[in-house]
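Q: I've just opened a new structure and I'd like to learn how to read it. Could you walk me through it piece by piece?

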Amino acid sequence: KCDAVSTEHIEAGKKALQKACGVEALAISAVTGAGVDDALYAIADAIRTAREDAREAATGERELQWQP
């Protein structure tokens with residue numbers, strides 16, 4: 001919903017979420033499309049990493065650790 005607030009508010013919110021969650025927060029807008037590509041790339045990267053981790057765990061190369 002980043003199209004409805006100021007840049008300062010967005011950055012403050014992202015910083016607070018990052019501090020609370022320990023991961024980068026992404027601001028997106030369905031109305032303008034801002035940030036949507038970044039979010040999709042981040043999702044694809046997370047899926048790719050999870051698949052690689054699962055593959056390595058299945059072959060015994062590495063132990064799979066649970067993540068939310």
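Q: Let's begin with backbone angles: which residue just after helix 1 takes a positive phi?

A: Keep in mind as we go that this is a predicted model. The residue you want is Gly-22, which comes just after helix 1 and has a phi of about 80°. You'll find a similar case further along: Gly-60 follows helix 2, and its phi is positive too, near 80°.

Q: What helices and strands does the chain have?

A: There are two helices and zero strands. Helix 1 covers residues 7-21, and helix 2 covers residues 36-58. Between these helices runs a loop, and Gly-33 is one of the residues in the loop.

Q: How do I check the length of a helix, and what span is expected for helix 1?

A: Take the distance from the first C-alpha to the last and compare it with what a rise of 1.5 Å a residue would give. Helix 1 has 15 residues and reaches 21 Å, close to the expected 21 Å. Now try helix 2: its 23 residues should span 33 Å, and its end C-alpha atoms are indeed 33 Å apart, so the two values agree.

Q: Now the charged side chains. How many salt bridges are there?

A: The count comes to two. One of them joins Lys-14 to Glu-11, with the closest N and O atoms 4.0 Å apart. Arg-48 forms a salt bridge with Asp-45, and there the closest N and O atoms are 3.3 Å apart.

Q: Why does spacing along a helix matter for pairs like these?

A: Here's the general idea: an α-helix has 3.6 residues a turn, so residues three or four places apart point the same way. Now look at the pairs. Lys-14 and Glu-11 both sit in helix 1, three residues apart, or about one turn. Arg-48 and Asp-45 are three residues apart in helix 2, so about one helical turn separates them.

Q: Are the residues in those salt bridges buried, exposed or partly exposed?

A: To sort them, use relative accessible area: under 20% is buried, over 50% is exposed, and anything in between is partly exposed. Lys-14 is at 24%, so it counts as partly exposed. Glu-11, at 43%, is partly exposed as well. In the other pair, Arg-48 has 44% and is partly exposed, and Asp-45 is partly exposed at 40%.

Q: What about the cysteines: how many disulfides does a search of the whole structure find?

A: Zero. You can still compare the surroundings of two cysteines. Cys-2 is buried, because its relative accessibility is 15%, whereas Cys-21 is exposed, because its value is 55%.

Q: Which residues form a nonpolar patch on the surface?

A: Look for Leu-40, Ile-43 and Ile-47, which together have about 280 Å² of accessible area. Ile-43 belongs to helix 2, and its relative accessible area of 48% makes it partly exposed.

Q: Back to the loop: how far apart are the C-alpha atoms of Gly-33 and Lys-1?

A: They are separated by 10.0 Å, although the two residues are 32 apart along the chain. Gly-33 itself is partly exposed, with a relative accessible area of 35%.

Q: And for the whole chain, what share of the residues is buried?

A: Buried residues make up 9% of the 68 residues. The chain exposes about 5800 Å², with carbon and sulfur atoms supplying 55% of that area. As for contacts, take those between residues at least 6 apart in sequence: 29% of them join residues at least 24 apart.

Methods. Residues numbered from 1 in each chain as written. Predicted model: local features only at pLDDT ≥ 70, side-chain atom pairs only at ≥ 80, totals over all residues. Heavy atoms only, no water. Patch = residues over 30% accessible without salt bridge, like charges linked within 9 Å, V, L, I, M, F, W, Y side chains within 5 Å. Areas by Shrake-Rupley, 256 points an atom, 1.4 Å probe, with all protein chains shown as cover. Helix = DSSP H or I, 4+ residues; strand = E, 2+ residues; numbered from the N terminus. Buried < 20%, exposed > 50% of the residue type's maximum accessible area, 1.4 Å probe, protein only. Expected span 1.5 Å × (residues − 1). Disulfide = S-S within 2.5 Å. Contact = heavy atoms within 4.5 Å.
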